[in-house]
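Let's take a stroll through a protein model together. Keep the picture open while you read, and look up each piece as it comes along.

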Amino acid sequence: MNAPPLLRMNRISKSFGAVRALVDVDFQVDRHEIVALVGDNAAGKSTLARIIAGVHQPTSGTMLLNGEPAVFSKPAAAQARGIATVFQGLALADNLDVTANIFLGREIRVNGLLAEERMEQMAREYLDRLNARIANPRTPVAQLSAGQRQCVAIARTLVGDPQLVVLDEPTASLSVAQTAEVLNHIQGLRTLGLGVVLISHSLTDVRAVADRIDVLRHGRMNGSFTAPHDAYEEIIAAITGATTVRR
């Protein structure tokens with residue numbers, strides 16, 4: 001018997017007053033899979049991500065995690081079930097080093113004291129898993145490049161031993177070299193066996209790493225494409241509404 005999808009969302013709708021942000025959206029992510037969510041501004045991408053992360057609760061519809069019902073009243077509940085999210089703000093503390101940021105809020109203590117050596121060793125392991133170019137985990141975050149800062153935020157998700165990682169515009173405002181570095185980190189998450197939801201405005205980026213590209217338009221799913229095999233023009237047509245290819 002085949003294992004159920006890591007995440008399955010069925011007919012998810014979300015309304016904010018009279019505004020229908022999502023309408024009957026079906027969405028699925030498997031283990032070892034990167035699924036990109038693309039679409040114009042206000043397409044519903046961030047709303048869907050926030051429902052997965054437990055920030056919002058759907059107005060209607062069901063969500064299953066490993067085949068079991070998943071209803072998250074708050075982000076901590078989603079984290080407890082193995083869902084980690086990196087929003088655009090990153091929420092890094094510039095006055096702290098890499099290790100302290102990775103374990104921020106989840107510090108390891110032994111007999112009431114911070115286990116600094118253990119945390120540093122684990123931070124190195126997390127960074128190595130992502131093939132990070134950060135030589136010293138004691139480097140202050142303020143001294144890192146934008147790409148390295150994104151890597152620290154991604155590495156921080158590994159502390160909770162997640163099953164699914166949601167990344168909201170992780171390559172926004174990065175240089176070409178920094179973007180390539182971050183995309184490599186995202187592929188590292190898939191190699192670790194995790195499911196990844198990648199939200200991005202850059203088709204070039206998502207086609208480079210995603211297994212599948214799902215298009216949202218005006219809160220509705222308007223197409224699912226295999227990356228990078230489906231034509232760029234087909235995906236653009238689904239984003240702009242030139243074609244309606246809903247599942």
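Below is a short tour of the sheets, the helices, the cores and a few side chains.

## The six-stranded sheet

First things first: this is a predicted model. A good place to start is an open sheet of six strands, which you can trace in the order β6-β9-β10-β3-β11-β12. Its pairing is mixed. At the edges you'll find β6 (83-86) and β12 (220-226), each with a single partner strand, so each has one side without a neighbour in the sheet. Going from one strand to the next, the twist averages 20 degrees.

What holds strands like these together? Strands of a sheet pair through backbone hydrogen bonds, and they can do so in a parallel or an antiparallel way. Here, β9 and β10 run parallel and share five bridges, with Asp168 opposite Ile199 in β10. On to β3 and β10: they are parallel too, joined by four bridges, and Ala36 has Leu198 in β10 as its bridge partner. Strand β11 (residues 212-217) and β12, on the other hand, run antiparallel with five bridges. Look there for Arg217, whose bridge partner in β12 is Arg220.

## A covered strand

How many of the five residues of β10 are buried? The count is five of five, so to speak a full house. In a regular strand, side chains alternate between the two faces of the sheet. You can see two directions in β10: Gly195, Val197 and Ile199 point one way, while Val196 and Leu198 point the other way, and all are buried.

## The four-stranded sheet

There's also an open sheet of four strands, with the order β2-β1-β4-β5 and antiparallel pairing. The edge strands are β2 (19-29) and β5 (68-69); each has a single partner, so one side of each lacks a neighbour in the sheet. Strand β1 (residues 7-16) pairs with β2 over seven bridges, and Met9 stands opposite Phe27 in β2.

## Helices on the sheets

Helix α1 (residues 45-52) packs on the six-stranded sheet, where it touches β3 (34-38), β6, β9 (164-168), β10 (195-199) and β11. The direction of α1 makes about 150 degrees with that of β9. The helix also lies across β1, β2 and β4 (60-65), running at about 115 degrees to β1.

Helix α8 (residues 232-240) packs on the six-stranded sheet as well, touching β3, β11 and β12, with its direction at about 25 degrees to that of β11. Which residues of α8 are buried? They include Ile235, Ala237, Ala238 and Ile239. The buried residues of α8 pack against β3, α7 (203-209), β11 and β12. Just after the helix, Gly241 takes a positive phi of about 90 degrees.

For a smaller stop, find Ala77 in helix α2 (residues 75-80). Is Ala77 buried or partly exposed? Buried would need under 20% relative accessible area, and Ala77 has 23% relative accessibility, so it counts as partly exposed. Ala77 and Ala53 are 24 residues apart in sequence, and their C-alpha atoms are 8.7 Å apart in space.

## The nonpolar cores

The largest nonpolar core has 49 residues, and Ile102, Leu167, Ile186, Leu189 and Ile213 have the most contacts inside it. Helix α5 (residues 146-157) gives the most to this core: five residues. A second, separate core has 27 residues, among them Leu37, Ala49, Val166 and Met221.

Let's zoom in on Ile213. Leaving aside neighbours within four places in sequence, its contacts include Ala36, Val38, Phe225 and Ile235.

## Rings and charges

The structure holds one aromatic pair. Phe103 and Tyr126 have ring centres 6.2 Å apart and planes at 40 degrees, so the pair is tilted. The pair links distant parts of the chain: Phe103 is in the loop between α3 (98-102) and β7 (109-110), and Tyr126 is in helix α4 (residues 116-129), 23 residues apart. Phe103 is buried at 1% relative accessible area, and Tyr126 is buried at 6%.

Two rings have a charged side chain over the face. Lys14 lies over Phe16, at 5.1 Å from the ring centre. Arg50 lies over Phe87, at 4.7 Å from the ring centre.

Definitions and conventions: Residues are numbered from 1 along each chain as its sequence is written. This is a predicted model: local features need pLDDT of at least 70, side-chain atom pairs count only at pLDDT 80 or more; totals for chains, interfaces and linings use all residues. Side-chain values use heavy atoms; hydrogens and water are left out. A nonpolar core is a set of buried Ala, Val, Leu, Ile, Met, Phe, Trp, Tyr and Cys residues joined through side-chain atoms within 4.5 Å. Buried means under 20% relative accessible area, exposed over 50%, partly exposed in between (1.4 Å probe, protein chains only). Contact means heavy atoms within 4.5 Å. Two strands pair if DSSP finds at least two bridges between them. Axes are lines fitted to C-alpha atoms, for helices over the stretch in contact, and angles run from 0 to 180 degrees between N-to-C directions. Rings of Phe, Tyr and Trp (its six-membered ring) pair if their centres lie within 6.5 Å; planes under 30 degrees apart count as stacked, over 60 as edge-to-face and the rest as tilted. A charge sits over a ring if NZ of Lys or CZ of Arg is within 6 Å of the ring centre and within 35 degrees of the ring normal.
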